[in-house]
Amino acid sequence: MCVCVCVYTIDKIVTISRSRLQKMLVMNTIRNSALRSGWLLNSLRKQSPSITTRTFSLGLRLGQQQDTVNVTFVRANGQKIKATGKVGDSLLDVVVNSNVDLDGFGACEGTLTCSTCHLIFKTNDYEKLPDKPGDEELDMLDLAYELTDTSRLGCQITLTKDMDGLEVQVPTTINDARAA
């Protein structure tokens, strides 16, 4: 919960100096625990006996989790590797952020200059993808090994909540198109 501390004087409007304003801004960032312990209130009262405080909730939770999407990467040998990504991440982000061990995957870091993040989708999942591959992606896919009609580059697939439970096949070998 985000906490704001508002300072009022009882009988007059006070011009606030820059240093006082900075102190107030610092106080605005203090969380509920400081208020509950009485530490902040006692400190404020020492500075000005006429100060009272009010706590406001902005309805936001600090560290609130974004929607997550579960993805399973299936190696050629059948081994399944489960990972979790956030809505808006690319499949390349999921591999990197979840430390999925796929040798050489995403060598160009998503700049669309290699084909190392080549993935093969099930037909059903491929047809549900929100975006179709562009010309640059198709050019890179032409250089990928084990190309299929449902091949895409992981760096070009952005996760949506509808993709939860997605399962993608990882080709046996990769081809770094930058070396071609």
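Start with the whole protein chain in view: among its contacts with a separation of 6 or more, 67% are between residues 24 or more positions apart. A contact here means heavy atoms within 4.5 Å.

What you have open is a predicted model, in which local features need pLDDT of at least 70, side-chain atom pairs count only at pLDDT 80 or more, and totals for chains, interfaces and linings use all residues. Numbering runs from 1 along each chain as its sequence is written, and side-chain values use heavy atoms, with hydrogens and water left out.

**Stop 1: the whole chain**

Switch to a cartoon view. You should find six helices and seven strands, in the order β-α-α-α-β-β-β-α-β-α-α-β-β along the sequence. Both kinds of element are DSSP runs numbered from the N terminus: helices are H or I with at least four residues, strands are E with at least two.

Now try a surface. The accessible surface is about 11,600 Å², and carbon and sulfur atoms hold 49% of that; the area comes from the Shrake-Rupley method with a 1.4 Å probe, and for residues only the protein chains shown count as cover. Of the 180 residues, 36% are buried. Buried means under 20% relative accessible area, exposed means over 50%, and partly exposed is in between (1.4 Å probe, protein chains only).

**Stop 2: colour by confidence**

Colour by pLDDT, the predictor's confidence in each residue on a scale from 0 to 100. The chain averages 76, and 62% of the residues score at least 70. Select residues 21-37, where pLDDT stays under 50 and the model has 24 contacts beyond four places in sequence. Then pick residues 53-64: pLDDT is below 50 here too, and the model shows 24 contacts beyond near neighbours in sequence.

**Stop 3: the core**

Next, select Phe-73, Leu-91, Leu-102, Leu-119 and Phe-121. These have the most contacts inside the largest nonpolar core, a group of 28 residues. Such a core is a set of buried Ala, Val, Leu, Ile, Met, Phe, Trp, Tyr and Cys residues joined through side-chain atoms within 4.5 Å. Which elements give two or more residues to this core? They are β3, β4, α4 (91-97), β5 (118-121), α6 (135-141) and β7 (166-169). Helix α4 gives the most, with four residues.

Zoom in on Leu-102. Leaving out residues up to four places away in sequence, Leu-102 touches Phe-73, Arg-75, Ile-81, Val-95 and Val-170.

**Stop 4: Arg-75**

Follow one of those contacts to Arg-75, in the loop between β3 (68-74) and β4 (80-86). Arg-75 is partly exposed, at 23% relative accessibility. Measure from its C-alpha atom to that of Leu-102 and you should get 8.8 Å, although the two are 27 residues apart along the chain. Beyond neighbours within four places in sequence, the contacts of Arg-75 are Ile-81, Asp-101, Leu-102, Gln-169 and Val-170.

**Stop 5: salt bridges around Glu-167**

Time for some charged side chains. There are three salt bridges to visit, each a side-chain nitrogen of Lys or Arg within 4 Å of a carboxyl oxygen of Asp or Glu.

Select Lys-80 and Glu-167, whose closest N and O atoms are 3.4 Å apart in a salt bridge. Lys-80 sits in strand β4 and Glu-167 in strand β7, so this pair ties together parts that are 87 residues apart in sequence. Glu-167 is partly exposed, at 22% relative accessibility.

Add Lys-122, which also meets Glu-167 in a salt bridge, 3.5 Å from N to O. Because Lys-122 is in the loop between β5 and α5 (123-128) and Glu-167 is in β7, the pair ties together parts 45 residues apart in sequence. Lys-122 is partly exposed, with a relative accessible area of 46%.

**Stop 6: Arg-152**

Finish at Arg-152, which forms a salt bridge with Glu-137, with 2.7 Å between the closest N and O atoms. Arg-152 is in strand β6 (residues 151-153) and Glu-137 in helix α6, 15 residues apart. Are these two residues buried or exposed? Arg-152 is buried, with a relative accessible area of 2%, and Glu-137 is buried at 3%.

Now show Asp-131: its backbone oxygen lies 2.8 Å from a polar atom of the Arg-152 side chain. To see more of the surroundings, add other residues that Arg-152 touches, including Cys-117, Leu-119, Phe-121, Tyr-126 and Ile-157.

Technical notes:
A polar contact is a pair of N or O atoms within 3.5 Å; within protein, one must be able to donate a hydrogen and the other to accept it, and residues adjacent in sequence count only if both atoms are side-chain atoms.
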